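Reader: I should like to learn how the features of a structural model are read, one after another. May we work through an example together?

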Amino acid sequence: MSQWDAINTVYRQTLSTFSTAVNGITGIHPHAQMALSALNRASKLMLSQASLDPSIGGLVATVERTYQLFLENRSPSKINATKDVLVEIALVLQECSQFITKYSEAKTFWTWLGKSVLSETTTKVANYNRMLEKLMQQLRDQPIPDIPYGIQQIYEDLSSNCLACADKVGLNEAKKCLEGTRIEILNEIVDWTNNTDAATPRIFWLYGQAGKGKSAIAHTIAQQAQNRGVLGSCFCFSRVRQHEQLHIKLFPTIARDLADRDVRLRPLLVEVTTNDHSLRDTTDIAAQWKKLILGPLSQLKGSPTGNVVVVIDALDESGAEISRATVLRVLAAYGADLPANIRILLTSRPLVDIGEALNTSPHIYARSLDAIDTELTMRDIHLYASTRLKGLCDTFCNENFQRLAEKSGGVFEWARLACDFMSPRNGVIPKDRFHQIMSQAPGDGRTLLDEMYTTFLKDLFREPDDRREFRSVMRQILWLKDPLPISALDFMRDRFPWEDDRYPVGFILNFMASLLAGANEVSIPVRPLHASFYDFLLEEERSGEFFIRRGDAHRDLAVASLSVMRTGLRFNICNLETSYIPNLEVADLERRVEENIPPHLLYSCRFWATHLEGAAFDMDLAQLVRGLVTGEQMLFWLEALGIAKLIREAEWALISAERWLQQGRMEYEEPLMFIKDGVKFVQNFAGIIDKSTP
């Protein structure tokens with residue numbers, strides 16, 4: 001057996017022994033229990049790696065010795081006495097586990113950026129070894145106190161789930177840059193994240209016009225930070241989710257993610273939200289920043305492993321200018337107060353309000369993608385196009401790819417669309433498509449994208465009837481408050497008031513995979529792939545005959561939503577055996593919700609009142625509202641919201657419906673009375689419904 005095989009064998013045996021032993025340890029301080037849980041997660045992650053690279057053998061051996069030392073000192077008294085050291089060991093080993101299991105990806109990234117794999121590996125391994133050796137010595141030296149250790153003062157709940165956080169806003173590896181591109185800017189950002197100089201700006205603002213590749217860079221940085229175990233949080237705004245007011249959940253989500261990574265933050269976060277319950281769901285963004293992020297971070301003695309990276313992508317898509325004003329003021333005014341080991345990468349378009357807020361702060365480094373050397377951008381787009389179209393090497397030569405790069409104006413989204421437009425499929429001659437693209441008039445980034453969108457749509461929808469149906473389907477998609485998959489779009493469309501609008505959306509969407517996510521998938525929500533497509537469709541001077549007017553979109557969606565609820569809601573919709581136990585104790589509740597409340601029904605329950613508020617008053621729609629609020633359907637609606645953890649949305653929906661119905665005056669006294677009673681009922685019993693569905 002080779003030396004490496006021997007190290008690997010002992011390493012796996014020790015980690016397996018630890019995973020078994022840790023489950024039998026009781027009577028320890030909750031902080032120590034958090035550390036053991038983190039150590040256990042790290043050990044399981046490392047054991048899941050089938051093969052390890054001998055290049056990091058020195059680190060693997062040190063990790064094994066660290067776990068072995070714990071096994072030799074696992075009495076409850078020793079664990080309680082060394083809980084603070086164990087917490088720091090857990091932090092380092094969590095990061096080590098990411099580095100060990102993602103080492104092949106790290107090597108690829110270093111090679112991509114032109115860095116020395118040997119040098120980077122040696123430095124990382126030496127740093128980890130030094131930290132672990134120091135902490136192991138502290139563990140050995142810590143005496144066991146002679147008096148019994150009391151744990152009465154400890155919090156019962158050390159989780160951060162009490163905060164109002166956003167879901168599905170994190171890292172998306174599919175969005176990262178093509179390997180070999182963006183070398184210079186990625187190097188610049190990586191070097192900034194690694195810089196330990198206390199004077200280094202805490203925030204790196206990367207900005208550029210639509211389609212320049214900001215999000216790809218953000219996701220690439222987030223992924224490599226995750227691979228190194230230093231990703232604190234990744235929060236990505238999306239125009240399609242503006243109605244959710246995600247800017248209010250930005251800082252609580254970052255606080256939760258930081259606490260999930262650093263177990264030292266969890267009790268601090270629990271303490272501050274226990275002392276001030278209003279912080280759990282406050283909309284005061286400045287208070288969130290100061291008390292959920294700055295406060296807890298300031299109580300830590302830095303990070304034992306180095307800098308922590310936070311990525312905030314597409315801030316410009318957070319909503320209207322007023323919605324991000326406080327976020328910008330906070331970052332500009334208080335970003336300098338962040339600990340020296342925190343690095344925030346922020347991306348956006350160069351909108352006036354964002355520039356005015358961020359350009360004057362010394363703790364914010366501003367970098368424009370529009371200012372990057374044109375030759376470097378052309379090189380990257382050339383590589384992208386040649387890679388995407390490598391199957392057409394007999395059709396296109398290097399000169400063709402160079403012309404595409406020059407035509408792109410440095411807009412990566414244009415290059416992606418151009419490659420899609422030329423990709424071979426039925427009825428497409430790639431060379432003809434190339435000449436069609438090259439014949440377009442030159443322009444700036446926005447003009448180029450508009451021209452490409454117009455070219456795509458004219459090719460897909462050539463007849464007037466096709467274009468009318470396109471506008472109708474896109475009207476439904478663009479005015480939805482939350483994206484829905486094709487199956488749900490069809491279900492709701494079948495309930496539109498006009499029979500001419502009741503046709504499968506797949507007739508239109510199946511050809512639009514280059515422009516829309518979910519266009520070829522029944523279960524994936526349909527949404528524009530890029531925010532610039534939204535802008536194009538909603539500005540008539542840009543999209544011309546493809547312009548999408550709002551028209552009766554809200555009325556159609558309100559009618560559909562109310563019709564869906566009328567037939568889809570029922571008592572005990574998730575078939576619960578009893579209502580005498582909390583929802584949290586129903587083991588398979590999430591599965592039951594997914595199986596019994598399909599996307600179109602959940603959407604209707606959440607947004608019927610939103611669409612009602614946006615529709616003009618008419619008696620047919622008012623009758624549908626009357627049917628919901630005056631019968632047992634309203635109770636079934638509250639049940640569905642409660643079991644889906646959305647009961648807090650009910651009060652606003654009823655108040656909105658009341659305002660809308662008041663336009664009908666006297667003849668709607670009865671439903672208005674029911675609505676008023678419903679508001680009082682929700683105000684009094686929403687908390688109970690939230691905990692246990694009646």
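Reader: Where does lysine 168 lie?

Author: This is a predicted model, and lysine 168 is placed in the loop between α7 (117-141) and α8 (183-194). Its relative accessible area is 79%, which is over the 50% cut-off, so lysine 168 counts as exposed.

Reader: How is the backbone of such a residue to be read, and what is the phi of lysine 168?

Author: The general idea is that most residues other than glycine have a negative phi. Lysine 168 is not a glycine, yet has a positive phi of about 55 degrees. Arginine 182, in the loop between α7 and α8, likewise has a positive phi, of about 60 degrees, although it is not a glycine.

Reader: Is arginine 182 buried or exposed?

Author: Arginine 182 has a relative accessible area of 5% and is therefore buried. The loop between α7 and α8 also holds aspartate 167, which is partly exposed at a relative accessible area of 46%. As for its place in space, the C-alpha atoms of aspartate 167 and serine 323 lie 19 Å apart, with these positions 156 residues apart in sequence numbering.

Reader: How should confidence be weighed, and what is the mean pLDDT of the chain?

Author: The mean pLDDT of the chain is 89, and 96% of its residues reach 70 or more. Over residues 147-160, however, the pLDDT is below 50, although this stretch has 24 contacts in the model beyond near neighbours in sequence. Where pLDDT is low, the predicted coordinates should not be read in detail.

Reader: Which domains does the domain assignment give?

Author: The assignment lists domain 1 (3-145), domain 2 (173-368), domain 3 (374-445), domain 4 (464-550) and domain 5 (553-691). Between the C-alpha centres of domain 3 and domain 5 there are 50 Å.

Reader: How is a long separation between two residues read, taking arginine 555 and glutamine 440 as the case?

Author: One sets the separation along the chain beside the separation in space. Arginine 555 and glutamine 440 are 115 residues apart along the chain, and 39 Å separates their C-alpha atoms. Arginine 555 is found in helix α25 (residues 553-568) and counts as buried at 18% relative accessibility. Leaving aside neighbours within four places in sequence, arginine 555 is in contact with Pro497, Ala615, Asp618, Asp620 and Leu621.

Reader: How many residues has the largest nonpolar core, and which of them have the most contacts inside it?

Author: The largest nonpolar core has 111 residues, and Leu509, Met512 and Trp637 are those with the most contacts inside it. Apart from this core lies another, of 47 residues, including Leu69, Phe70, Phe99 and Ile100. To see how one core residue is surrounded, take leucine 509: beyond its neighbours within four places in sequence, leucine 509 is in contact with residues including Val473, Ile477, Leu516 and Val526.

Reader: How are aromatic pairs read, and how many does the whole structure hold?

Author: One reads the distance between ring centres together with the angle between the planes. A search of the whole structure finds 25 aromatic pairs. In one of them, phenylalanine 99 and tyrosine 103 are edge-to-face, 5.5 Å centre to centre with 70 degrees between the planes. Phenylalanine 99 is buried, with a relative accessible area of 0%, and tyrosine 103 counts as buried at 3%. Another pair is formed by tryptophan 608 and tryptophan 637, whose ring centres are 5.7 Å apart; their planes stand at 75 degrees, so this pair is edge-to-face. Since tryptophan 608 lies in helix α27 (residues 599-614) and tryptophan 637 in helix α29 (residues 633-643), the pair ties together parts that are 29 residues apart in sequence. Both tryptophans are buried.

Reader: Which residues do ring pairs link into a cluster?

Author: Ring pairs link Phe99, Tyr103, Trp110 and Tyr128 into a cluster.

Reader: Where does the charged end of arginine 433 sit?

Author: For a charge and a ring, one looks at the position of the charged end relative to the ring. The charged end of arginine 433 sits over the ring of phenylalanine 421, 4.1 Å from its centre. Aspartate 459 is in contact with both Phe421 and Arg433, its neighbours within four places in sequence being left aside. Aspartate 459 belongs to helix α19 (residues 445-460) and is buried, with a relative accessible area of 18%. In a further case, the charged end of arginine 493 sits over the ring of tyrosine 503, 4.6 Å from the ring centre.

Terms used: Residues are numbered from 1 along each chain as its sequence is written. This is a predicted model: local features need pLDDT of at least 70, side-chain atom pairs count only at pLDDT 80 or more; totals for chains, interfaces and linings use all residues. Side-chain values use heavy atoms; hydrogens and water are left out. pLDDT is the predictor's confidence in each residue, from 0 to 100. Contact means heavy atoms within 4.5 Å. Domain bounds come from an automatic or database domain assignment. A nonpolar core is a set of buried Ala, Val, Leu, Ile, Met, Phe, Trp, Tyr and Cys residues joined through side-chain atoms within 4.5 Å. Buried means under 20% relative accessible area, exposed over 50%, partly exposed in between (1.4 Å probe, protein chains only). Rings of Phe, Tyr and Trp (its six-membered ring) pair if their centres lie within 6.5 Å; planes under 30 degrees apart count as stacked, over 60 as edge-to-face and the rest as tilted. Helices (H or I, at least four residues) and strands (E, at least two) are DSSP runs, numbered from the N terminus. A charge sits over a ring if NZ of Lys or CZ of Arg is within 6 Å of the ring centre and within 35 degrees of the ring normal.
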